[in-house]
Amino acid sequence: MVLARNCRPKRFSEVVGHDSFVKLIQTALQKNLLNAPSVFYGQAGVGKTTFARLIALWFACEQRTSDVCGVCAGCISVINNSHPDVVEVDGATETSIDSMRALLETVVYKPFRAEKRVYIIDEVHMLSTSAFNAFLKTLEEPPGYVVFILATTEKNKILPSILSRCQVFDFKR
């Protein structure tokens, strides 16, 4: 396993170097303002996927207050990549329209255990144009119980029609 995954923060309070971003995301989550699909953009290693997983932890945590507990069954299953309501996709390997259609077929299912289903698509810029177009309709009108987080190092490769429907967060070192 990659060292970065072993040492990945399991609570917002463990994040170092992104204090203002942590506060912004926590406030949005506490006030239920993170409703639009989000694009997390920045260089490799700045914490895009980590933040996406922390958001997934938030929705799965059974004991959260202002932060996730990191020890309940929901948190542990997200940390162990076994939570049924957290879907993480590697856009670099799942680039085809068929992969996107298969993913979108699962969007109709409400969360099993968490407050919301969280879809994290890492390296989203690698999706084919046809896959992006298949994704567009769902991004326009996502169900209220679904959160999409698209992580990328190359925002310029994402179709403008996709970007226009997302909140874009620029991560800096």
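Val-89 sits in strand E2, and this is a good place to start a walk through what is a predicted model. At a relative accessibility of 16%, Val-89 counts as buried, because the cut-off for that class is under 20%. Setting aside residues up to four places away in sequence, Val-89 touches Glu-94, Leu-103, Ile-120, Ile-121 and Asp-122. Its C-alpha atom is separated from that of Tyr-119 by 7.6 Å, although the two residues are 30 apart along the chain.

## Around strands E3 and E4

Strand E3 covers residues 117–122, and Arg-117 belongs to it. Is Arg-117 buried or exposed? With a relative accessible area of 5%, Arg-117 is buried. A polar atom of the Arg-117 side chain lies 3.0 Å from the backbone oxygen of Thr-106. If you would like to set up a contact list for Arg-117, leave out its neighbours within four places in sequence: the partners are then Pro-84, Asp-85, Val-87, Thr-106, Tyr-109, Lys-110, Pro-111, Tyr-145, Val-146 and Val-147.

One of those partners, Val-146, is placed in strand E4, which spans residues 146–152. Val-146 counts as buried at 3% relative accessibility. Beyond its neighbours within four places in sequence, Val-146 is in contact with Val-107, Arg-117 and Tyr-119. For a longer view, Val-146 and Ala-60 are 86 residues apart in sequence, with 13 Å between their C-alpha atoms.

Val-107 takes us from the strands to the loop between H5 and E3. Val-107, too, is buried, with a relative accessible area of 5%. Which residues does Val-107 contact, leaving aside its neighbours within four places in sequence? They are Tyr-119, Thr-138, Pro-143, Tyr-145, Val-146 and Phe-148. The C-alpha atom of Phe-171, by contrast, is separated from that of Val-107 by 27 Å, with the two residues 64 apart along the chain.

## Two loop residues with positive phi

Most residues other than glycine have a negative phi. Two loop residues have a positive one instead. Asn-81 has a phi near 60° and lies in the loop between helix H4 (73–79) and strand E2 (86–90). Asn-81 counts as exposed, at 56% relative accessibility. Glu-123 has a phi near 55°, again positive in a residue other than glycine. Its place is in the loop between E3 and H6, and with a relative accessible area of 24% Glu-123 is partly exposed.

## Relative accessibility at a glance

Here are the residues visited so far, with their values and classes.

| Residue | Relative accessible area | Class |
|---|---|---|
| Val-146 | 3% | buried |
| Arg-117 | 5% | buried |
| Val-107 | 5% | buried |
| Val-89 | 16% | buried |
| Glu-123 | 24% | partly exposed |
| Asn-81 | 56% | exposed |

## How the helices pack

Two packed helices are described by the angle between their axes and the distance between those axes. Let us take H5 with H6, and then H2 with H3.

Helix H5 (residues 97–105) and helix H6 (residues 129–140) have axes that come within 8 Å and cross at roughly 20°. Angles under 35 degrees count as roughly parallel, and H5 and H6 are therefore roughly parallel to each other. Their crossing is right-handed. On the H5 side the contact is made by Ile-97, Met-100 and Leu-104, and on the H6 side by Ser-130, Ala-131, Ala-134, Phe-135 and Thr-138. By class, the residues of this contact divide into six nonpolar, two polar and no charged. Thr-138 may look familiar, as this H6 residue is also among the contacts of Val-107.

Helix H2 (residues 19–30) packs with helix H3 (residues 48–60) at an angle of about 30°, and their axes are 11 Å apart. That angle makes H2 roughly parallel to H3. The crossing of H2 and H3 is right-handed. H2 brings Phe-21, Val-22, Ile-25, Leu-29 and Gln-30 to the contact, while H3 brings Phe-51, Ile-55, Trp-58 and Phe-59. What classes do the residues of this contact fall into? The contact of H2 with H3 has eight nonpolar residues, one polar and no charged.

Technical notes
Residues are numbered from 1 along each chain as its sequence is written. This is a predicted model: local features need pLDDT of at least 70, side-chain atom pairs count only at pLDDT 80 or more; totals for chains, interfaces and linings use all residues. Side-chain values use heavy atoms; hydrogens and water are left out. Axes are lines fitted to C-alpha atoms, for helices over the stretch in contact, and angles run from 0 to 180 degrees between N-to-C directions. Helices (H or I, at least four residues) and strands (E, at least two) are DSSP runs, numbered from the N terminus. Angles under 35 degrees count as roughly parallel, over 145 as roughly antiparallel, 65 to 115 as roughly perpendicular and the rest as oblique. A crossing is left-handed if the near helix is turned anticlockwise from the far one by less than a right angle, and right-handed if clockwise. Contact means heavy atoms within 4.5 Å. Ala, Val, Leu, Ile, Met, Phe, Trp, Tyr, Cys and Pro count as nonpolar, Asp, Glu, Lys and Arg as charged, and the others, Gly among them, as polar. Buried means under 20% relative accessible area, exposed over 50%, partly exposed in between (1.4 Å probe, protein chains only). A polar contact is a pair of N or O atoms within 3.5 Å; within protein, one must be able to donate a hydrogen and the other to accept it, and residues adjacent in sequence count only if both atoms are side-chain atoms.
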